[in-house]
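Student: Pick one turn in this model and take me through it closely, then work outwards into whatever surrounds it. I'd like one connected story with the cut-offs spelled out.

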Amino acid sequence: MTKTLWKSLFFSGICLIACQKKSNPIDIKITQQKAGYGYQIIKNKKTFIDQPYIPAIPGEQVFKDSLQAKKTASLVAQKIESSSIPRISVDELDSMKIEYEIQKFH
């Protein structure tokens with residue numbers, strides 16, 4: 001009786017380990033643009049998001065340095081991992097001290 005119980009527990013444990021959903025690895029790649037930096041979010045070894053410009057800002061402004069691009073990409077990756085919409089707001093850019101210019105329209 002005890003051997004049967006241990007065998008059942010052993011095989012149940014093996015099944016649980018084998019059936020666990022594998023995590024979807026998310027990687028960040030900082031990309032060099034003409035006048036600055038952008039980023040890519042790579043999920044399962046495929047480009048999931050290609051963001052050459054600062055998100056949430058009108059126009060095509062690039063990040064001034066790779067650190068700012070990495071900060072923003074990390075927040076996007078964090079949102080994807082938590083199953084949130086990977087949208088970035090101007091308030092989030094400001095809180096991370098991302099530098100951008102506000103374009104004036106005439």
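Tutor: Start with K45, which counts as exposed because its relative accessibility is 82%; here exposed means over 50% relative accessible area, buried under 20%, and partly exposed in between (1.4 Å probe, protein chains only). K45 sits in the loop between β2 and β3, and its phi is positive, near 65 degrees, although the residue isn't a glycine. N44 belongs to the same story: in the β2–β3 hairpin, with two residues between the strands, N44 also has a positive phi, near 55 degrees.

Some ground rules before we go on. This is a predicted model, so local features need pLDDT of at least 70 and side-chain atom pairs count only at pLDDT 80 or more, while totals for chains, interfaces and linings use all residues. Residues are numbered from 1 along each chain as its sequence is written, and side-chain values use heavy atoms, with hydrogens and water left out. Helices (H or I, at least four residues) and strands (E, at least two) are DSSP runs numbered from the N terminus, and two strands pair if DSSP finds at least two bridges between them.

Now follow the turn back into the strands it connects. β2 and β3 run antiparallel and are joined by five bridges, one of which puts I41 opposite I49 in β3. On the other flank, seven bridges tie β2 (residues 37–43) to β1, again antiparallel. Among the pairs here, K29 has Q40 as its bridge partner in β2, and Q32 faces Y37. This hairpin of β1 and β2 has four residues between its strands. Put together, you get an open three-stranded sheet in the order β1-β2-β3, paired antiparallel. β1 (26–32) and β3 (46–51) are the edges, each pairing on one side only. Neighbouring strands are turned by 25 degrees against each other on average, direction ignored; the axes behind such angles are lines fitted to C-alpha atoms, for helices over the stretch in contact, and angles run from 0 to 180 degrees between N-to-C directions.

Stay in β2 for a moment and look at Q40. Q40 counts as buried because its relative accessibility is 15%. The Q40 side chain makes a polar contact with the side chain of D50, at 3.4 Å. (A polar contact is a pair of N or O atoms within 3.5 Å; within protein, one must be able to donate a hydrogen and the other to accept it, and residues adjacent in sequence count only if both atoms are side-chain atoms.) Leaving out residues up to four places away in sequence, Q40 touches D27, I28, K29, T31, T47, I49 and D50, contact meaning heavy atoms within 4.5 Å.

What lies across the sheet? Helix α2 (residues 66–81) does: it crosses β1, β2 and β3 and runs at about 25 degrees to β2. T72 is in that helix and counts as buried because its relative accessibility is 0%. Beyond four places in sequence, the residues T72 touches are Y39, P55, F63, I88, L93, M96 and I98.

I41, from the bridge pair above, turns up again in the largest nonpolar core: of its 17 residues, I41, V76 and L93 touch the most other members. β2 and α2 are the elements giving two or more residues to this core, with the largest share, six residues, coming from α2. (A nonpolar core is a set of buried Ala, Val, Leu, Ile, Met, Phe, Trp, Tyr and Cys residues joined through side-chain atoms within 4.5 Å.) In soluble globular proteins, nonpolar side chains tend to be buried together.

L93 brings us to another loop. Its contacts, skipping neighbours within four places, are I54, P55, A56, I57, T72, I88, I98 and Y100. A56 lies in the loop between β3 and α2. Like K45, A56 is a non-glycine residue with a positive phi, here near 75 degrees. A56 is partly exposed, however, with a relative accessible area of 39%.

Zooming out, the chain has three helices and three strands, following α-β-β-β-α-α along the sequence. Buried residues make up 27% of its 106 residues.
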